[in-house]
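Here are some notes to read beside the sequence and the model. They begin with how strands are paired and end with the nonpolar cores.

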Amino acid sequence: METQNQLAETKIPQELLQFSCLPDEIIIEILLRLPVKSLLKFRCVSKSWLSLLSTPYFINTQIKFSVKKSKNVNLRLVIVASVSGLMGKMCSVYSLDCENSSVNVDKIDYPLKNPFGSAKFLGSCNGLICLTPMSFKLMIWNPVTGKHKEFQDSFVQCAVNCYIRYGFGYDYVNDDYKVVKIFSFPRNEGKYENKVKIYSLKDDSWKMGEGFDSGYVNAQSGMCLNGYLHWEVSHCRDSGGGGGGGGSGACSEIMTLDLATEMYGVMALPNCGNGNTSWSLSVLNGCLVACCNYHSVRTDMWVMKEYGVEESWTKLVSNLTAPSGRLGYVSPLSVSENGGEVLVRLGTNISLYNARNASHESLDIHSLGYCLQVQAITYIESLASPNVGDM
């Protein structure tokens with residue numbers, strides 16, 4: 001009933017009605033299937049077009065539609081490559097179309113025209129990307145519309161060093177985007193005390209969240225899915241280890257944070273048996289994916305087919321290896337529904353992995369020069385705005 005009322009209040013421009021005998025809801029369905037760049041152009045047609053395409057109902061419906069069809073159809077990959085040149089370090093930003101296993105590269109506008117050094121991606125949700133463009137600043141950015149919001153990072157007073165972890169996601173209950181920052185302080189016997197701060201885009205402010213004790217939080221950034229953030233946490237870790245990934249003898253699990261209630265939970269990882277392994281998490285095709293990394297040798301990809309049901313963990317790709325002559329863990333960025341092809345990153349290399357013949361086809365992201373660092377993250381094309389007034 002609420003959706004019908006919102007649709008009734010959404011006025012279709014007269015210019016469109018003159019050429020169509022379709023019902024309003026069919027016109028909306030047609031518009032939802034158009035590329036976001038086309039919708040942005042339509043906003044310039046007239047005030048009535050602008051009014052329709054700017055209503056919260058249409059924007060939210062478009063976001064939901066894009067998320068639903070994001071299984072490699074509406075998926076994009078943005079890359080920030082730091083290269084060395086005559087002017088020192090510079091950033092170039094690209095958008096890659098992952099549809100149908102093809103990769104079409106287009107340079108896109110970056111909010112900072114002359115960025116030095118490489119941005120660090122903290123998360124992606126509903127078409128918005130959270131990143132650190134510079135020290136002591138955070139940014140939420142829509143690569144398609146170009147809209148962005150910068151705000152101050154937040155810190156806690158401490159007398160000792162700590163590890164920093166982030167997360168970015170959408171609170172469906174309160175219609176709010178949130179940034180979570182974890183300050184992880186080493187304690188005895190591989191234990192960590194964690195202080196938490198949470199930024200609300202709607203309130204444009206930070207607050208202290210509930211802290212917690214845990215093992216070592218491996219992931220630099222939490223993965224957002226279904227209103228929850230997910231980090232991989234390893235226990236029984238030797239104290240003094242500062243790098244990522246659980247070592248031999250470490251037992252791991254997934255820590256979750258409900259962005260609406262701000263309560264923590266735990267999920268079990270797949271059973272890969274004993275051995276020298278570590279875990280990393282991704283969200284691919286709308287599912288939680290866990291990668292079991294067998295140190296410097298290979299990676300197995302598992303997918304949780306039914307969210308929250310630990311028995312639904314299913315192996316998607318076995319023996320995913322790094323490109324020839326390279327060592328390290330591959331990070332999956334996109335995967336076909338049958339697991340036959342995986343877009344992966346390893347260091348400054350991004351390649352399309354064919355699981356059928358274990359081959360890699362590298363993307364040419366080094367044409368500007370030697371890449372010092374590569375940051376990559378996937379996103380969907382949407383009308384989501386980082387500016388509260390547009391939401």
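1. Two strands count as paired if DSSP finds at least two bridges between them. The model discussed here is predicted.

2. Strand E4 covers residues 120-125 and strand E5 covers residues 128-134; they run antiparallel and are joined by 5 bridges. Lys-120 has Thr-132 in E5 as its bridge partner. The two strands form a hairpin, with 2 residues between them. In that turn, Asn-126 has a positive phi of about 55°.

3. On the other side of the sheet order, strand E6 (residues 137-141) pairs with E7 in the antiparallel sense, over 5 bridges. Here Met-139 has Glu-150 in E7 as its bridge partner.

4. How are the 4 strands ordered in the open sheet? The order is E4-E5-E6-E7, with antiparallel pairing. E4 and E7 (148-152) stand at the edges with a single partner strand each, so each has one side without a neighbour in the sheet. On average, neighbouring strands of this sheet are turned by 20° against each other, direction ignored.

5. The largest nonpolar core has 53 residues. Those that touch the most other members are Leu-31, Phe-58, Phe-168, Tyr-177, Val-179, Val-180 and Trp-231. Leaving aside neighbours within four places in sequence, the contacts of Val-179 include Cys-130, Leu-138, Phe-151, Tyr-166, Phe-168 and Trp-206. Lys-197, Ile-198 and Tyr-199 are also among them.

6. Another core, of 15 residues, lies apart from the largest one. Among its residues are Cys-291, Val-303, Val-317 and Leu-320.

Key: Residues are numbered from 1 along each chain as its sequence is written. This is a predicted model: local features need pLDDT of at least 70, side-chain atom pairs count only at pLDDT 80 or more; totals for chains, interfaces and linings use all residues. Side-chain values use heavy atoms; hydrogens and water are left out. A nonpolar core is a set of buried Ala, Val, Leu, Ile, Met, Phe, Trp, Tyr and Cys residues joined through side-chain atoms within 4.5 Å. Buried means under 20% relative accessible area, exposed over 50%, partly exposed in between (1.4 Å probe, protein chains only). Contact means heavy atoms within 4.5 Å. Axes are lines fitted to C-alpha atoms, for helices over the stretch in contact, and angles run from 0 to 180 degrees between N-to-C directions.
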